[in-house]
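Trainee: Could we take a close look at the aromatic side chains of this model and how their rings are arranged?

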Amino acid sequence: MTAQRLQQVFPFFWQSISNSYTQIFFSKDKVFGFILIAVSLFDLSAGISGLLAVVSANSFAFLIGLNRQKVINGLYGFNALLTGLGLGVAFQINAAFIVVIVFSALLSLLVSVLLDGWLYKYGLPYLSLPFLVAIWVVILSTRQFTQLEISERGIYVLNEMYLLGGLPMVKLYLWFDTLVLPIPVKTYLLSLGAIFFQYHLFVGLLIATGLIIWSRIAFIYSLIGFLAAWFFYGFTGVQM
C-alpha cells in the first residue's frame with residue numbers, strides 16, 4: 001500500500017520540494033525554486049537541514065493521506081523548511097541533530113494542519129505561524145538534549161567561504177562585503193537573504209534576481225513592502 005502510494009506520488013515529489021521553497025514568496029516557479037535551493041546551501045549545514053526537513057514533512061504528509069494538491073504546492077513544506085534552516089544555523093549536524101530535524105519537521109507539519117483547519121473557516125492563512133511554534137518548542141526543549149552541539153559557524157566566515165568555493169569564493173565574498181551601495185539598497189538585499197538565514201549581499205541579490213525572473217510585479221511589491229517598513233522605522237525612530 002505504501003509503495004503504491006509513493007509510486008503514484010513520485011512524479012510530483014521534486015515539484016513539492018521546489019514549491020516548498022518558492023511558497024515562502026507565494027510562488028511556484030521552478031527556476032525560482034532552483035535559485036532558492038542553491039541559496040539555502042550557501043550555508044551547507046543549514047541548507048542540508050532545511051532540505052531534510054522538507055523531505056521529511058512532505059513524505060509524511062503523502063503517506064498519511066493529507067490533501068495531495070496542498071502537499072505538491074508546498075503548503076505543508078515551507079514551514080518545515082524554515083524550521084530546518086533555523087535549527088541548521090543554530091546547531092552542528094550529527095546523528096542526534098538529524099533525529100531532531102525530522103521530528104521538528106513533523107511538528108511543524110502537524111501545527112500547519114491544525115492551523116489550516118482552524119483558520120480556514122475564517123478565510124485566514126496560517127503563513128509562518130507553524131514555523132514560529134515549532135522552532136520555539138524545539139529550541140526550548142533542546143536545553144535537555146546533551147548530544148546536540150551549538151554551531152560555531154559565522155565566527156570565521158572567510159574560512160567557511162574558502163571551504164565552500166576556495167579563494168575565488170573568498171574574493172567574491174570580500175568584494176560584495178565592501179561594495180558601496182545606498183543603505184536602503186544594502187538593507188533590502190540583506191533582508192531578502194535573512195529570510196533564508198543567510199546574511200550577505202550576494203544571497204540577497206540572487207533572491208532579488210529570482211523574484212524578477214518569476215514576477216516583476218512581485219519584485220516591485222517586495223520593494224514597496226520593504227520601503228514602507230523602512231520609512232515607518234525612520235518615522236518612529238527605530239534604530240535600523
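**Aromatic ring pairs**

Mentor: In this predicted model, phenylalanine 91 and phenylalanine 97 are both buried (under 20% relative accessible area with a 1.4 Å probe and protein chains only; over 50% is exposed, and partly exposed lies in between). The structure contains 12 aromatic pairs (rings of Phe, Tyr and Trp, the last by its six-membered ring, with centres within 6.5 Å). Between phenylalanine 91 and phenylalanine 97, the ring centres are 6.2 Å apart and the planes meet at 40 degrees, so this pair is tilted (neither stacked, under 30 degrees, nor edge-to-face, over 60). Tyrosine 188 and phenylalanine 226 form an edge-to-face pair, because their planes stand at 65 degrees, with 5.5 Å between the ring centres. This pair joins distant parts of the chain, 38 residues apart: tyrosine 188 belongs to helix α10 and phenylalanine 226 to helix α12 (helices being DSSP runs of H or I, at least four residues, numbered from the N terminus). Tyrosine 188 counts as buried because its relative accessibility is 6%. Phenylalanine 226 has a relative accessible area of 13% and is therefore buried. Elsewhere, one aromatic cluster is made up of Phe25, Phe32, Phe196 and Trp214.

Residue numbers run from 1 along each chain as its sequence is written, and side-chain values use heavy atoms, leaving out hydrogens and water. Local features need pLDDT of at least 70 and side-chain atom pairs count only at pLDDT 80 or more, whereas totals for chains, interfaces and linings use all residues.

Technical notes: Helix = DSSP H or I, 4+ residues; strand = E, 2+ residues; numbered from the N terminus.
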